[in-house]
Amino acid sequence: MISEHIFDNTEIAFSLKSDSELERAYFLFKMISIEPLVKIGTAATNFAIKAHLPIEGLIRSTVFDHFCGGVNEVDCLPVIDKMFDKGVSSVLDYSVEGKENDKEFDAAMTTTLKIMDFAKEKKSMPIAVFKPTGFGRLKLFEKIGNGDVLTDKEKEEWQKVVNRFDAICKRGKEHDIEVLIDAEESWMQDASDALVRDMMQKYNTEKPIVFNTLQMYRTDRLDFLKAEHQLAKEKGYFMGFKLVRGAYLEKENERAKEKGYPTPMCKSKLETDTNFDNAVSYILENLNDISLFIGSHNEESSYAAMNLMAKMGLKINDERVWFGQLYGMSDHISFNLASKGYNVAKYIPFGPVKDVMPYLIRRAEENTSVAGQTGRELALLTKEKQRRKLL
Ligand SMILES: Cc1cc2nc3c(=O)[nH]c(=O)nc-3n(C[C@H](O)[C@H](O)[C@H](O)COP(=O)(O)OP(=O)(O)OC[C@H]3O[C@@H](n4cnc5c(N)ncnc54)[C@H](O)[C@@H]3O)c2cc1C
């Protein structure tokens with residue numbers, strides 16, 4: 001068994017944080033832990049941005065700088081290098097959301113391609129990522145997923161989405177950079193899954209380059225994984241999956257209730273946790289066909305994966321297994337895993353302040369509503385402040 005305590009080492013966890021950054025992180029998580037404050041803060045921020053009030057500076061020096069690498073990819077460079085010194089790789093994530101036209105979709109694709117060209121020369125950036133709705137309208141994904149008939153204009157529009165997916169996956173294969181494709185709301189996911197399947201078949205012929213994401217808060221994802229595996233075996237291509245629990249729980253439950261269909265969500269946190277760990281086991285047992293990126297801040301799931309890897313006699317740094325966390329969160333998992341030699345990458349979101357607000361709001365809400373996580377960050381930061389004699 002792996003020691004169950006490696007994540008407790010706060011000296012390693014926060015080795016990149018100066019004293020003042022440590023204090024800022026503490027202040028931030030303290031604020032986020034107060035649910036009414038997040039609700040009011042979110043509403044006030046949305047209003048202020050729409051009203052063009054000058055609050056960007058304030059957002060930048062607080063939430064933004066904690067959770068994002070900068071407003072453009074160049075800003076992220078110092079962070080990437082510092083993290084790689086500690087063995088942690090970076091996945092630059094162009095986190096602009098809510099755009100709805102071809103110009104913006106093309107811009108997102110071009111930015112991602114630019115990052116990949118840059119990453120080709122950097123060992124610290126072995127993985128790229130994009131969000132399906134960064135490349136096409138959610139409503140269009142939804143329409144296709146529902147099997148609705150498309151107008152000629154929509155067909156043309158969809159072809160552009162397909163071309164954008166293809167351009168990134170092709171570049172991934174050319175540069176040997178793994179491409180993680182995020183998962184989003186369940187009502188857009190079927191169309192994305194079908195497209196990602198095509199990309200896997202096309203580009204995962206020698207090794208897994210294209211990775212889909214499975215949100216394990218969905219009751220149907222383990223069966224989906226097994227079915228996709230079967231298909232890939234029949235057709236002879238490799239697979240890659242990023243496993244996450246899922247970020248849209250409340251939205252999913254609310255929509256299901258409103259529209260009167262059974263929620264696709266697991267009934268409890270425990271059910272999601274079990275589902276997640278079962279999917280990790282399934283992939284680890286089928287590593288010859290499927291590579292794994294574990295996107296989680298959950299300590300138990302991380303320990304469970306490490307233990308299973310040890311039990312199966314896998315190398316700690318087996319190139320088919322990655323652990324991933326988001327920048328600004330769970331450094332105790334990322335840096336302690338890396339210090340032991342595991343493959344670890346952090347998503348580094350970047351983009352103009354006002355455009356990454358939906359991402360930042362999700363992080364704030366997640367840290368408020370998810371039992372334990374903010375408390376844990378605060379406890380770790382307190383421990384480190386004590387160790388540095390800052391208290
Ligand atoms: C590297 C990385 C990439 C990510 N990419 C994506 C992505 O592509 N798509 C996406 O949707 N999310 C993504 N996420 C976010 C992720 O889905 C989770 O929201 C977040 O990581 C919290 O889950 P956790 O595993 O860290 O652990 P925990 O904090 O242990 O779990 C919290 C999660 O459990 C689930 N949960 C909580 N309460 C209940 C309940 N009552 N019933 C059922 N389930 C419940 C929810 O999914 C919740 O987010 C990513 C996260 C990381 C670290």
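Arg255 sits in helix H12, which runs over residues 249-259 of this predicted model. At a relative accessible area of 17%, the Arg255 residue falls under the 20% cut-off and therefore counts as buried. What does the side chain of Arg255 pair up with in there? The partner is the side chain of Glu142, and the two make a polar contact at 3.1 Å. Once the neighbours within four places in sequence are set aside, Arg255 is in contact with Glu142, Trp187 and Tyr261.

Next comes the ligand site. The shell around the ligand holds 28 residues, and those that come nearest are Lys242, Gly246, Thr272, His297 and Gln373. By residue class, the shell splits into 12 polar, 11 nonpolar and five charged residues. Several elements chip in with at least two shell residues each: strands E4 (210-215), E5 (239-244), E6 (290-295) and E7 (321-326), plus helix H13 (269-285). Which of them gives the most? That is E7, with three residues.

Oxygen atoms of the ligand have polar protein atoms beside them. From the backbone, an N or O atom of His297 lies 2.6 Å from a ligand oxygen. From the side chains, a polar atom of Lys269 lies 2.8 Å from an oxygen of the ligand, and a polar atom of Asp182 lies 3.3 Å from a ligand oxygen. Taken on its own, the ligand has 930 Å² of accessible area, and the protein covers 89% of that.

Helix H14 deserves a look of its own. This helix takes in residues 299-311, 13 in number, and spans 18 Å from its first C-alpha to its last, close to the 18 Å expected at 1.5 Å a residue. At the N-terminal end, Asn298 acts as the cap, with a side-chain oxygen 2.9 Å from the backbone nitrogen of Glu300. Past the other end, H14 is followed by Gly313, and the phi of Gly313 is positive, near 75 degrees.

Which residues of H14 are buried? The list reads Glu299, Ser301, Ser302, Tyr303, Ala305, Met306, Asn307, Leu308 and Met309. As for what these buried residues pack against, the set is made up of H13, E6, E7, helix H15 (331-340) and helix H17 (373-387). This ties H14 back to the ligand site: H13, E6 and E7 are among the elements that each supply at least two residues of the shell around the ligand, and the buried residues of H14 pack against them.

How values were computed
Residues are numbered from 1 along each chain as its sequence is written. This is a predicted model: local features need pLDDT of at least 70, side-chain atom pairs count only at pLDDT 80 or more; totals for chains, interfaces and linings use all residues. Side-chain values use heavy atoms; hydrogens and water are left out. A residue is near a molecule or strand if one of its heavy atoms lies within 4 Å of it. A polar contact is a pair of N or O atoms within 3.5 Å; within protein, one must be able to donate a hydrogen and the other to accept it, and residues adjacent in sequence count only if both atoms are side-chain atoms. Accessible areas come from the Shrake-Rupley method with a 1.4 Å probe; for residues, only the protein chains shown count as cover. Helices (H or I, at least four residues) and strands (E, at least two) are DSSP runs, numbered from the N terminus. Ala, Val, Leu, Ile, Met, Phe, Trp, Tyr, Cys and Pro count as nonpolar, Asp, Glu, Lys and Arg as charged, and the others, Gly among them, as polar. The expected span of a helix is 1.5 Å times one less than its number of residues. Buried means under 20% relative accessible area, exposed over 50%, partly exposed in between (1.4 Å probe, protein chains only). Contact means heavy atoms within 4.5 Å.
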